[in-house]
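Please open the model in your viewer and keep a selection tool at hand. The stops below say what to select next and what is there.

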Amino acid sequence: MPAPKKTTRRSLLVTSAVLSSLALAAPAAVAAPSPSGSPSASPSATPPASMSSVGGARLGQPGTQVNLASGVPVLPKDVSARSWIVADAETGDVLAAHNAHWRLAPASTLKMLFADTLLPKFPRTAKHKVVPSDLAGIGSGSSMVGIKEDETYTVHDLWLGVFLQSGNDAVHVLSAMNKGVDNTVKEMNEHAEELQALDTHVVSPDGYDAEGQVSSAYDLTLIARSGLQKKDFREYSSTVTAKFPGETKKNKKGKPVRKSFEIRNTNRLLAGDSDVPVYQGIAGVKNGNTTNAGATFTGVAERGGKVLLVTVMNPEKPEHNEVYKETARLFDWGFKAAGKVQPVGELVPPKSAEQAGSQPGANPSGEAGGSGSGTAGTGSKPVASGPAADGSSGIGIALGITGGVLVLLAGGAFLVNRRWPLPDLVRRRTRP
């Protein structure tokens, strides 16, 4: 498509997004979503007739949206998810979508927003001794990494627990460090609004089922794209295995000893499973599964110089690991279609990036707590093969996106070019 037409199209989409933001921001800030988007015990089997048009009018329409034409591969027929989206992670172009703005329960994919909100706040070397109140209010049946009261953990340990084991206990401890769950929920909702993720309403920071807690495939993709600008976010979400501190116990000699145990990423496209191979080029991001949400997943992968984001929410097929299988099929389609298919919409930038002349923040590297606070993910080079300095194991495989530290583009350039590069995407794999 010629550059002038593309610029015009994107300007119209930006206008649509701004109007939608004005229409949706106020109610989203003061109330839970409407019943049609509420994760009730018996969620609606069909999407609302009218949904948000942030990112383009077609994304607000129910059903599958794609511009099939000569040379464009046909979408996979065996995708049963209620909602899904395939987008170019760098340009923001949405290649295809299905009920993109349907408000559904997000499960632990909501932890991406939690991480994007809190990661810059605490140096990864900071330590915290867990008290009983830190673990209060964790939902029954929650996924846990195994945090113990009266034990001390580093912030690095806690984030490994969040990303690899989807530990609600780690989320609650970090929330306690952030002035409590209520304050964390408030900040997450504010950050969602800043990202223009207006389908999202947070009630519990860990994604545990809660009345009125919703997001959408579109929003989760926006959130993932934002998180991937942060070096630590990329590092944690791409780590397959790591050592986690255990409980202090006395050995036979009566001396206190604290051993570690291995934790493994529950993202099956990253770590693999009996019926799901590691996906070629996968680099994160986050999975989830609850009663109301079913299985949810947002992934990022690179192949042939293209970086794609795919979000899949609640496949109807009851097959084991179905959410990963459908994600893989959509990734396969996206890599074949990239450069051939005309987009049906786009991922809008954060509000701050729309301000002409905006400057990068004080922490452009996105490291937890600022530069120099940790080891993994520092510098411009991918992680070298062999055990990482932080104790995580695996072989670092560079995905060759762009070198160096990310510098956000000025607001005006962002609106015209819609580029938000993802530097140094790294995939960690265990040794054969």
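Is S108 buried or exposed? This is a predicted model, and in it S108 is buried, because its relative accessible area is 9%, under the 20% cut-off. Select S108 and look at the loop between β3 (93–98) and α2 that holds this residue. Leaving aside residues up to four places away in sequence, S108 touches S166, D206, G207, K286, N287, G288 and N289. For D206, the C-alpha atom is separated from that of S108 by 6.2 Å, although the two residues are 98 apart along the chain.

Now select A107, which also lies in the loop between β3 and α2. A107 counts as buried because its relative accessibility is 0%. Check the backbone here: A107 is not a glycine, yet its phi is positive, at about 55°. Most residues other than glycine have a negative phi, and most peptide bonds are trans.

The peptide bond to inspect next joins G284 and V285: the bond is cis, with omega about 20°. V285 belongs to strand β8 (residues 282–290).

**Helix α5**

Select residues 181–194, the 14 residues of helix α5. At 1.5 Å a residue the helix should span 20 Å, and the end C-alpha atoms are 20 Å apart, so the two values agree. Colour T184, V185, E187, M188, H191 and A192, which are the buried residues of α5. These residues cover an arc of only 165° around the axis, which means that they sit on the same side of α5. To see what covers them, add α2 (111–118), α4 (168–177) and α6 (217–227), which are included in that cover.

Go on to Q196, just after α5, in the loop between α5 and α6. Q196 has a positive phi, near 65°, and is a residue other than glycine. Q196 is buried, because its relative accessible area is 2%.

**Nonpolar cores**

Which residues touch the most other members of the largest nonpolar core? Select I147, W159, L174 and Y218; they are the ones, in a core of 65 residues. Helix α3 (residues 155–165) gives the most to this core, with seven residues. In soluble globular proteins, nonpolar side chains tend to be buried together.

Centre the view on I147. Not counting residues up to four places away in sequence, I147 touches V130, L135, Y153, L158, D169, A170, V173 and F244. Then move to a second, separate core of 32 residues, which includes V79, W84, V276 and A295.

**The whole chain**

Zoom out and colour by pLDDT. The protein chain averages 80, and 72% of the residues score at least 70. Where does pLDDT stay under 50, with 154 contacts beyond four places in sequence in the model? Select residues 356–418 for that stretch. Residues 427–432 also stay under 50, and for them the model has 32 contacts beyond four places in sequence. Where pLDDT is low, the predicted coordinates should not be read in detail.

With a cartoon view, the protein chain shows ten helices and 13 strands. Buried residues make up 57% of its 432 residues. Among the contacts with a separation of 6 or more, 71% come from residues 24 or more positions apart. Turn on the surface last: the accessible surface of the protein chain comes to about 17000 Å², and 55% of it belongs to carbon and sulfur atoms.

Conventions. Residues are numbered from 1 along each chain as its sequence is written. Side-chain values use heavy atoms; hydrogens and water are left out. Helices (H or I, at least four residues) and strands (E, at least two) are DSSP runs, numbered from the N terminus. The expected span of a helix is 1.5 Å times one less than its number of residues. Buried means under 20% relative accessible area, exposed over 50%, partly exposed in between (1.4 Å probe, protein chains only). The arc is that of the directions from the helix axis to the C-beta atoms. Contact means heavy atoms within 4.5 Å. pLDDT is the predictor's confidence in each residue, from 0 to 100. A nonpolar core is a set of buried Ala, Val, Leu, Ile, Met, Phe, Trp, Tyr and Cys residues joined through side-chain atoms within 4.5 Å. Accessible areas come from the Shrake-Rupley method with a 1.4 Å probe; for residues, only the protein chains shown count as cover.
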